[in-house]
Amino acid sequence: MDIGNSARIDEQVVLVTGGARGLGADISRAFSREGALVVVNYHRSESAAADLVRELGEDRTVALRADVTDDDEVHALVDAARRHFGAPVTTVVNNALVDFEFNGDARPRPETLIWHDFDSQLRGAVKATLATTQATLPGMREAGFGRIVNIGTNLFQHPVVPYHDYTAAKAAALSLTRTLATDLGPDGITVNMVSGGLLRTTAASAATPAEVFDLIASGTPLRRAITPAELADAVLFFASPWARAVTGQNLIVDGGLVKG
């Protein structure tokens with residue numbers, strides 16, 4: 001099966017990690033809206049995943065559990081998705097967030113940071129991306145097409161709140177995005193990142209005080225915080241035929257707060 005390097009979104013099988021809640025749910029909705037077959041990955045959110053599948057339609061959506069930091073579970077997930085839809089996963093959105101809450105008052109300070117926090121975030125942002133990439137590569141090569149979109153953050157350009165562990169992990173994920181883009185380009189596979197600012201509102205940002213949202217919004221040209229649905233639409237761009245010549249890029253979607 002070769003679907004070509006400019007496949008429409010409605011010709012793609014899309015895996016959204018952490019796709020049942022928050023930003024992930026909006027990404028799943030966006031791809032479903034455009035006609036894709038959507039694999040909603042979840043770890044602990046079984047009920048939310050089932051509800052989302054019912055919302056989007058059980059004929060073109062499936063919920064599959066896996067810890068995306070576990071290689072064996074990711075391979076089993078990808079195999080199950082192929083059996084379900086009868087076609088390989090061609091598009092991966094690495095969105096899953098490992099045990100993190102955007103609460104600036106509770107963040108570790110430099111004198112209290114421990115390596116375990118970094119290790120946990122690196123596993124979520126880098127190890128999981130490697131796992132999904134390796135599990136889906138054979139199917140992408142078979143299809144002659146692949147799209148990998150990693151979810152980043154604008155905090156490594158504008159650390160308004162220094163979430164040291166989370167920010168370092170996302171910066172490492174951007175480096176992996178660019179090196180994978182170089183290696184996988186000849187296979188017709190693009191690898192890009194979409195980096196949001198503080199989103200209003202997800203489960204992870206629910207602990208963020210309203211005044212922080214207002215402060216960030218006041219510094220943007222749009223004078224508002226970006227919604228998960230708006231960031232999800234930017235993810236669609238990288239999966240669409242219009243981005244077929246774009247790879248190794250980091251698109252910042254934060255209302256214009258960060259330039260470049």
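Helices (H or I, at least four residues) and strands (E, at least two) are DSSP runs, numbered from the N terminus, and two strands pair if DSSP finds at least two bridges between them. With that in hand, welcome to the structure above. This is a predicted model, in which local features need pLDDT of at least 70, side-chain atom pairs count only at pLDDT 80 or more, and totals for chains, interfaces and linings use all residues. Residues are numbered from 1 along each chain as its sequence is written, and side-chain values use heavy atoms, leaving out hydrogens and water.

Let us start with the sheet. It is open and parallel, built from 7 strands in the order 3-2-1-4-5-6-7. Strand 3 (61–65) and strand 7 (250–253) are its edges, each pairing on one side only. On average, neighbouring strands are turned by 20° against each other, direction ignored. Inside the sheet, strand 1 (residues 13–16) and strand 4 (residues 91–94) run parallel and are joined by 3 bridges; Leu 15 has Val 92 of strand 4 as its bridge partner.

Two helices pack on this sheet, with contact meaning heavy atoms within 4.5 Å. Angles run from 0 to 180 degrees between N-to-C directions, and axes are lines fitted to C-alpha atoms, for helices over the stretch in contact.

| Helix | Strands touched | Angle |
|---|---|---|
| Helix 3 (residues 71–85) | strand 1, strand 2 (37–42), strand 3 | about 155° with strand 3 |
| Helix 5 (residues 164–184) | strand 5 (146–153), strand 6 (189–196), strand 7 | about 160° with strand 6 |

Finally, Trp 242 sits in the loop between helix 7 (228–239) and strand 7. Trp 242 counts as exposed because its relative accessibility is 70%, where exposed means over 50%, buried under 20% and partly exposed in between (1.4 Å probe, protein chains only).
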